[in-house]
Amino acid sequence: MELLDIIKPENKVFSKTEAMTDTCLSYCPGCGHGTAHNIAMEVIAEMGIIQDTIGVAPVGCSVLAYDFMNIDMTQAAHGRAPAVATAISRLWPEKYIFTYQGDGDLAAIGTAETIHACNRGENIVIIFVNNGIYGMTGGQMAPTTLKGMKSSTSPFGRQEELTGAPIKMTELVSNLPGVYYATRQAVHTHKHVRKAKKALKKAFENTRLHKGISFVEIVSNCNSGWKMTPTESNIWLEENMLAYYPLGDIKVNGKLK
Amino acid sequence: MKGNEALAEATIRAGADAYFGYPITPQSEVIEYLMAEQPEKRTGMIVLQAESELAAINMVYGAASTGKKVMTSSSSPGMSLKLEGISYLAGAELPSVIVNVARGGPGLGTIQPSQADYFQAVKGGGHGDYKLYVLAPASVQEMSDFVEDAFEIAFKYKAPVLILSDGLIGQMMEKVKLRPQKARRTNEELIADEGTWACTGKTPDRERNIVTSLDLQSEKLEERVHRLYAKYAQMECEDLRYEMINCEDAEYIMVAYGSSARISLKAMELAREKGHKVGLLRPITLFPFPKKQLFDLADRVKGFLSVELSTGQMVEDVRLSVEHKVPVEHFGRTGGIIHTPEEILEALEQKIINNGTVRHHKTREQSI
């Protein structure tokens, strides 16, 4: 049998989701953003809600998310995505609105917008990709940078007495009554990708039911910022990031676990 | 009605879809009126008190990204906070209306009226190459009328529009004739009007719509900025607004907008009673600015006095327009103090009428 005989529609076992464009990802090889984009878009396509979904892109590595996600998207100022999403959700209450934000965007400059959107219980999904560093600007310290972790603005390692402890946003917002679902996931292995996709599905189902905030943190790597190979960064993520940011559901159906 | 209340009522009547704001004196009546009026019940319009001016302007950005008719209002210190968002609105070409009921500055300044935000309003304010279309109401009637006018301009050009008022116009009470209620657009009508660009949900029959102000390729950004400036040029041709009072026989012209224009009207009456041929040019739009009108007037008058509640900001644009043909002086009180008609008349006489030897190259400090 020739190769071309095998490439037939009836033999096809996997296709890229129609909710992703054909544009090549601008992320570094090994970065978790591409996987996080892909599973979020797969969920939207599988739920049949492409025409009812509006995404809000952040400032940071994923600022160009709208180049890759094949849905209507608006790009917010740094940290302001939850405010932007609030207005869209209030004006289009039957639509599915999500923000896609990194740790600098959500947990530093946008902390006020994050807390207040969560406190109001806006009917939106917040996808929070936490890689413990500012990737786009070249590896500076983030609010989620681990203690002792080196970055270009903490060259001798993060010192708690100078810059505080790494902030656990998902635990923090889970205490607000407006948050219906808060979970922490990862996308560095197949097993984790499947779980994270399930969590995202649950999040968008919550929007369908008008339940309020679904907050999905995805702990990811930044091999460029961490100055490691992709494989090394995944091992480092398992051993260090997940030790401080344990995976799993924190709040489900409005109840803390 | 109070100016702020008239503006709030006009927003509902203009068929606005949403208002997002944050309280600050002297404009808090806008959101207070809207909250009490419950426009959700009248027209379905959404009103939300944001956690900050930053959040409010970015809520405006979100609503405008979907083609909705949206407004926010604030006062000077709050406007400074909104400037980041306004720059994004301009860059992303989003129709929206922003209101500044200005107070004295810099810093926390005072809650009393001021026109010291002129530079911020007409010279950009936020970062980057952009301008705002700026309307300056001088009465409670105009606080009401300019809302609908501002929305029309915002959607005509797909650009943010600023209504620059001040604490005097916002707080004073006058009779006002309200315009009739306009229907809010249905989502179907909105999609028909704005569906080519707004984020309303990607349907299978079209490509996705993206709202952004980011162009990593410099050539693309230059193209975008040139597109913005083509709009500004069109505004100058088609949507300049001004009023000339007693300018036909005038030998001296006062230039004043907003509350200063009202006080200058009285000063003009006093001057005429004394036999001085004084006229008033009131810019209604601060951008576009009546440059040509001033340039032409300069051929037949002896001097101009720019009257502002500031140490002299608009006077720079008057001087640029007049191109040194005749003297241009400034008079104004600042820090929240409102000049009297008598003070203006005195300044007119001292600086312009009785001063035939005024030199054009006086320093700024001397001319204040």
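Here are some questions and answers on this predicted model of chains A and B.

Me: What makes Ile24(B) count as buried?
Reply: The cut-off for buried is 20 or more other C-beta atoms within 10 Å. Ile24(B) has 21 such neighbours, so Ile24(B) counts as buried.

Me: Where is Ile24(B) in chain B?
Reply: Ile24(B) sits in the loop between β1 (18-21) and α2 (28-37) of chain B.

Me: Which residues is Ile24(B) in contact with, leaving aside its neighbours within four places in sequence?
Reply: They are Ser74(B), Ser75(B), Pro77(B) and Gly78(B). For a contact, C-beta atoms must lie within 7 Å. A C-alpha separation is another matter: for Ile24(B) and Ser73(B), it is 9.3 Å. Those two are 49 residues apart along the chain.

Me: Which residues of α2(B) are buried?
Reply: Glu29(B), Val30(B), Ile31(B), Tyr33(B) and Leu34(B) are. Their cover includes α1 (3-13), β1, α3 (39-42), β2 and β3 (70-74) of chain B.

Me: What follows α2(B)?
Reply: Gln38(B) does, with a positive phi near 50°.

Me: Why are β2 (46-49) and β11 (285-287) of chain B called edge strands?
Reply: Each pairs on one side only. They end the order β2-β1-β3-β4-β6-β5-β11 in an open sheet of seven strands. Pairing in this sheet is mixed. Neighbouring strands are turned by 20° against each other on average, direction ignored.

Me: How do you know that β4 (residues 96-102) and β6 (residues 160-166) of chain B pair?
Reply: Pairing needs at least two bridges. Seven bridges join β4(B) to β6(B), so these strands pair. They run parallel. Within this pair, Ile98(B) stands opposite Leu162(B) of β6(B).

Me: What lies across β4, β5 (133-135) and β6 of chain B?
Reply: Helix α7 (residues 140-157) of chain B does. α7(B) runs at about 160° to β6(B).

Me: How do you know that β2(A) pairs with β7 (residues 210-211) of chain B?
Reply: Set the count against the cut-off again. At least two bridges are needed. Two bridges join β2(A) to β7(B), so the strands pair across the chains. They run parallel. One bridge partner in β7(B) is Val211(B), which goes with Thr74(A).

Me: How many residues of chain A are in contact with chain B?
Reply: 29 residues of chain A are in contact with 32 residues of chain B. On the chain A side, β1 (53-57), β2 (72-75), α4 (81-91) and α6 (111-120) each give two or more residues. The largest share, eight residues, comes from α4(A). By class, this side of chain A has 16 nonpolar, seven polar and six charged residues.

Me: At what angle do α4(A) and α6(A) pack?
Reply: The angle is about 35°, and the axes are 7 Å apart. α4(A) brings Pro82(A), Ala83(A), Ala85(A) and Thr86(A) to the contact. α6(A) brings Glu113(A), Thr114(A) and Ala117(A). By class, four are nonpolar, two polar and one charged.

Me: Why should residues 357-368 of chain B not be read in detail?
Reply: Their pLDDT stays under 50. Where pLDDT is low, the predicted coordinates should not be read in detail. The model has 12 contacts beyond four places in sequence for this stretch. For chain B, the mean pLDDT is 96, and 96% of the residues reach 70 or more. For the complex, the predictor gives an ipTM of 0.96 and a pTM of 0.96.

Notes
Residues numbered from 1 in each chain as written. Chains lettered and ligands numbered in written order. Predicted model: local features only at pLDDT ≥ 70, side-chain atom pairs only at ≥ 80, totals over all residues. pLDDT = per-residue confidence, 0-100. Contact = placed C-beta atoms within 7 Å. Helix = DSSP H or I, 4+ residues; strand = E, 2+ residues; numbered from the N terminus. Nonpolar A, V, L, I, M, F, W, Y, C, P; charged D, E, K, R; others polar. Axes fitted to C-alpha atoms, helices over the stretch in contact; angles between N-to-C directions. Buried ≥ 20, exposed ≤ 12 C-beta atoms within 10 Å, placed from the backbone.
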